[in-house]
Amino acid sequence: MTMLPSQSSEGSAPDASGVEFGRSADDMAVARVGDLVFAMVPAGDGQYLLASAWRASRPLAELKRDDFYSHHGSVEGEAAFRNRMIEQAGHSRELRLLSRQTVRVTCSTPWGPSQGATVYADGIVCHTTAGHGGFRLSDARNAKVHSMLRIDGGWYEEDAAWAIVALTFPDLFTTYERKCADKTIRDSWPDAWETIFSRSLAPAESYERDAQAFAREHAGDWIVTAALRSDRHPGMTEVIATIGGVRGEHAQERRFLVPSDEYAVGGFGFVIDETRHAAYEGLSSFVAWRERTA
């Protein structure tokens, strides 16, 4: 679970939302929320990344790209950035109202020795380790988790399973955390989500559901499993594809040439259109393929 934790050289004060908005020395949109400063970092092709720094106390107008070292995924544009920062400020306010306590606990976890812990409530403790972390629920707390999501032993890792804890004990989490948890459950455990909320997920509401639909729709199509710019055919991308995108030693493979300005992987893979994308049997740009045919 990763929480986020007009050009002017003049400083600005927090607005009614509790966020101080501004622009950096290199003209990035930036915002200060408490001890955290965030930036909307250009990533090329009109894309932006959300980055942050802790306790960067200099005026926003003096900050530069190199001041930001933590990354939190993509952000669509300045409107989305402002909304995310207002949401972050609300998250920070709600956190101050929760009775979480940071403690030292000597114990082992599935991810190594605990190096620190946060007590959310009796029987609900979040541990950090050198490389990972997650929640430990007592037996009594774990018994309250829905049977489709319950993990024996009560350990819930921080990447996705933390959302199960938030779904089960919503009063211990902020509005933003509950929002993230709901999306994580929909994306990772759609069957459980549909059972708990008694409705079916619509297209685009669940990554896993959409992946299943894509796999069914393209089970008989060639789907790209590897690609690189062709060094023999300018403007083309040489790809290796298998039926249904199946990988493995016995998967049947075929090569195609796809115009590079058309090749975009998308959410679940690039589907070959055999009426437009030519099968290719010439010299390959793939080293492994050259070695295979040598």
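# Exercises on cores, strands and a buried threonine

The largest nonpolar core holds 23 residues, and Ile-124, Phe-135, Tyr-156, Val-165 and Phe-173 have the most contacts inside it. A nonpolar core is a set of buried Ala, Val, Leu, Ile, Met, Phe, Trp, Tyr and Cys residues joined through side-chain atoms within 4.5 Å. This is a predicted model: local features need pLDDT of at least 70, side-chain atom pairs count only at pLDDT 80 or more, and totals for chains, interfaces and linings use all residues. Residues are numbered from 1 along each chain as its sequence is written, and side-chain values use heavy atoms, with hydrogens and water left out.

**Exercise 1. Find the elements that each supply at least two residues of the largest core.**

Step 1. Take the strands: S9 (116–121), S10 (124–128) and S11 (133–137) qualify. Strands are DSSP runs of E with at least two residues; helices are runs of H or I with at least four; both are numbered from the N terminus.

Step 2. Add the helices: H3 (162–168), H4 (175–188) and H5 (190–197).

Step 3. Look for the main contributor. H3 gives the most, with five residues.

Step 4. Set the second core apart. This separate core has 13 residues, including Ala-31, Met-40, Leu-50 and Ala-89.

**Exercise 2. Lay out the domains and place the UniProt annotation.**

Step 1. Read the assignment: domain 1 is 20–97, domain 2 is 101–197 and domain 3 is 219–293. These bounds come from an automatic or database domain assignment.

Step 2. Take the centres over C-alpha atoms. Those of domain 2 and domain 3 are 41 Å apart.

Step 3. Turn to the record. An unreviewed UniProt entry lists "domain: DUF7007" at residues 106–219. UniProt positions use the numbering given here, feature names are shortened, and annotations may be inferred rather than shown by experiment.

Step 4. Describe that span. Residues 106–219 are 39% helix and 20% strand, and their end C-alpha atoms lie 50 Å apart.

**Exercise 3. Trace the strand pairing from S13 to S16.**

Step 1. Start at S13 (222–229). Seven bridges join S13 to S14, and the two run antiparallel. Two strands pair if DSSP finds at least two bridges between them. Trp-222 faces Ile-243 in S14.

Step 2. Check the turn. The S13–S14 hairpin has six residues between the strands, and Gly-235 there takes a positive phi near 80°.

Step 3. Go on to S15 (253–259). S14 and S15 are antiparallel, with seven bridges. Ala-241 stands opposite Arg-254.

Step 4. End at S16 (278–279). Two bridges join S15 to S16, again antiparallel. Phe-256 is opposite Ala-279.

**Exercise 4. Is Thr-237 buried or exposed, and what does Thr-237 touch?**

Step 1. Locate the residue: Thr-237 sits in S14 (236–243).

Step 2. Apply the cut-offs. Buried means under 20% relative accessible area, exposed over 50%, partly exposed in between (1.4 Å probe, protein chains only). Thr-237 has 3%, so Thr-237 is buried.

Step 3. List contacts (heavy atoms within 4.5 Å). Leaving out residues up to four places away in sequence, Thr-237 touches residues including Ala-227, Arg-229, Phe-256, Val-258 and Tyr-263.

Step 4. Find the polar partner. The side chains of Thr-237 and Ser-260 make a polar contact at 2.9 Å. A polar contact is a pair of N or O atoms within 3.5 Å; within protein, one must be able to donate a hydrogen and the other to accept it, and residues adjacent in sequence count only if both atoms are side-chain atoms.
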